[in-house]
Amino acid sequence: MACLGVALRADTLIFKNGDELTGTLVRADAKGCVFASKMASDVTAPWDNIRELRTTTTFVVVTKGGEVYRGTLLVENDSLVVSSATAPPAFLGAPDVLMVVDPKTYTKEVLAHPRLWQSWRGQIVGGFSQVSATQSSTSYTTQLDLQRPVPKLSWLEQRSNTLLHFNGTYGKLSQPHTPTVRTSIFTAGLEQDQDISKRLFLFANTRFDHNDAQGLQLQQAYGGGIGWKVKTTSDTQLALRADLHWTRQRFLSTVNNNFLASSVTETLRQMLHKVIWTQSISITPSITHGVAYQMSGISAWAMPVYHSLSLNFTVVDAYLNNPQPGFLKNSLQYSTGLQINLH
């Protein structure tokens, strides 16, 4: 009897060739639907291949015009009927549907506005090494890359996105009768994106850099610009950004610089089988202080180890054309550590 009850509550999908699946409707839009069944797992089917779809539970239907309907669904060819006990049936065309989701997803992911500490995803990386001998050394590396898209579901049209980045290295080398050598490098950035179309977005950002290896006490940058999502798939996210920002440099000496600059940045996240490759390259010419141009790049590989735990390898390169006298212009870092993935 329990099996019979489950069967009676199951949704039904019938293809035009006569094949039939029972299971659960996951979601749908103007192109087609995603249907989960025990026999075929998740199936993505365009409306052109579907003869009939019936649901036994309530769904929320949002049209391209912004109307919202709730009820059970009956789809026959390109006609969709939403039936509810509290309202007359609504007759819609399948191409007019923006999304079909279950009520819980609609309330939690579509209508909700996450608080500052909610809906973050990305990765946190930490590494550590220590040597105790005639020479004693300690080093730490930390990397944090988080983003908070709204809405969070990747298949919904994105409205905004918040990006948070931090990369830090600290090290200390000491031995008897010699001065202690310290290494201190960090980069921190915050960006807020606002989508103006499916591909284009505006953004405001700020960035802070400190690098003892270049004599840079602190560099601050505040600005904004426009971005282009070149490619967005489940395996590849490629974007270009161009901005204009004000920069203030303060070196370990008394030298301070204030100037206007611009940046062109390319970011890529690529899934290679189970390995995730993230990469970013930025070129920053100075507009009002020509000698102060910069370039930077980061490339990281994450190989899964267990569930949300991965092994991370990162290369960071920073070129500063006007370091403090006596310091090299280029700073290159290699690090490895454990990565925790947040979903």
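Which residues of β6 are buried on one side of the strand, and which on the other? In this predicted model, F59, V61 and T63 are buried on one side of β6 and V60 and V62 on the other, so that both faces of the strand are covered. The report returns to this strand after an outline of the whole chain.

## Overall form

The protein has two helices and 22 strands. Its radius of gyration is 26 Å, well over the 20 Å that the globule rule gives for 343 residues, and the protein is therefore more spread out than a compact globule. Taken along the principal axes, the box filled by the C-alpha atoms is roughly 85 × 50 × 35 Å. Buried residues account for 38% of the 343 residues, and among contacts between residues at least 6 apart in sequence, 47% join residues at least 24 apart.

## Strand β6 and its partners

In general, the side chains of a regular strand alternate between the two faces of the sheet. Five of the five residues of β6 are buried, which means that this strand is largely enclosed by the rest of the structure.

On its pairing, β6 joins β7 in the antiparallel sense over four bridges, with V61 standing opposite Y69 in β7. The two strands form a hairpin with four residues between them, and G66 in the turn has a positive phi of about 95°. With β10, β6 likewise pairs in the antiparallel sense over four bridges, and here V62 stands opposite M99.

## Helix α2 against these strands

Helix α2 spans residues 103-111, and its buried residues are T105, Y106, E109 and V110. These residues lie on the same side of α2, because they cover an arc of only 110° around the axis. K104 and K108, on the other side of the helix, are exposed. The cover over the buried residues of α2 includes β6 (59-63), β7 (68-76) and β10 (97-101). The N-terminal end of α2 is capped by D102, from which a side-chain oxygen lies 3.2 Å from the backbone nitrogen of K104.

## The barrel

A closed barrel of 12 strands runs β11-β12-β13-β14-β15-β16-β17-β18-β19-β20-β21-β22, and its pairing is antiparallel. On average, and with direction ignored, neighbouring strands of this sheet are turned by 20° against each other. Within the barrel, strand β12 (residues 136-150) and strand β13 (residues 160-174) run antiparallel and are joined by 15 bridges; S136 stands opposite S174 in β13.

Two residues towards the end of the chain show how parts of the barrel meet. V316 belongs to strand β21 (residues 309-320) and is buried, with a relative accessible area of 15%. Its C-alpha atom is separated by 4.5 Å from that of I298, although the two residues are 18 residues apart along the chain. Not counting residues up to four places away in sequence, V316 touches N167, G297, I298, S331, L332 and Q333.

N321 is placed in the loop between β21 and β22 (330-342), and at 10% relative accessibility this loop residue counts as buried. The side chain of N321 makes polar contacts with the side chain of Y293 at 3.1 Å and with the side chain of Y319 at 3.2 Å. Leaving aside neighbours within four places in sequence, N321 is in contact with V291, Y293 and K329.

## Backbone features in the loops

Most residues other than glycine have a negative phi, and most peptide bonds are trans. Against that background, several loop positions deserve separate mention. The peptide bond from V150 to P151 is cis, with omega near -5°, and P151 lies in the loop between β12 and β13. H177 and H307 are both non-glycine residues with a positive phi, and their values are set out below.

| Residue | Loop | Phi | Relative accessible area |
|---|---|---|---|
| H177 | between β13 and β14 (181-195) | near 70° | 85%, exposed |
| H307 | between β20 (294-306) and β21 | about 50° | 67%, exposed |

Both histidines are thus exposed, whereas N321, in the loop between β21 and β22, is buried.

Notes:
Residues numbered from 1 in each chain as written. Predicted model: local features only at pLDDT ≥ 70, side-chain atom pairs only at ≥ 80, totals over all residues. Heavy atoms only, no water. Pairing = 2+ DSSP bridges. Axes fitted to C-alpha atoms, helices over the stretch in contact; angles between N-to-C directions. Buried < 20%, exposed > 50% of the residue type's maximum accessible area, 1.4 Å probe, protein only. Arc of directions from axis to C-beta. Contact = heavy atoms within 4.5 Å. Polar contact = N/O pair within 3.5 Å; in protein donor to acceptor, adjacent residues only side chain to side chain. Rg over C-alpha atoms; globule rule 2.2 N^0.38 Å.
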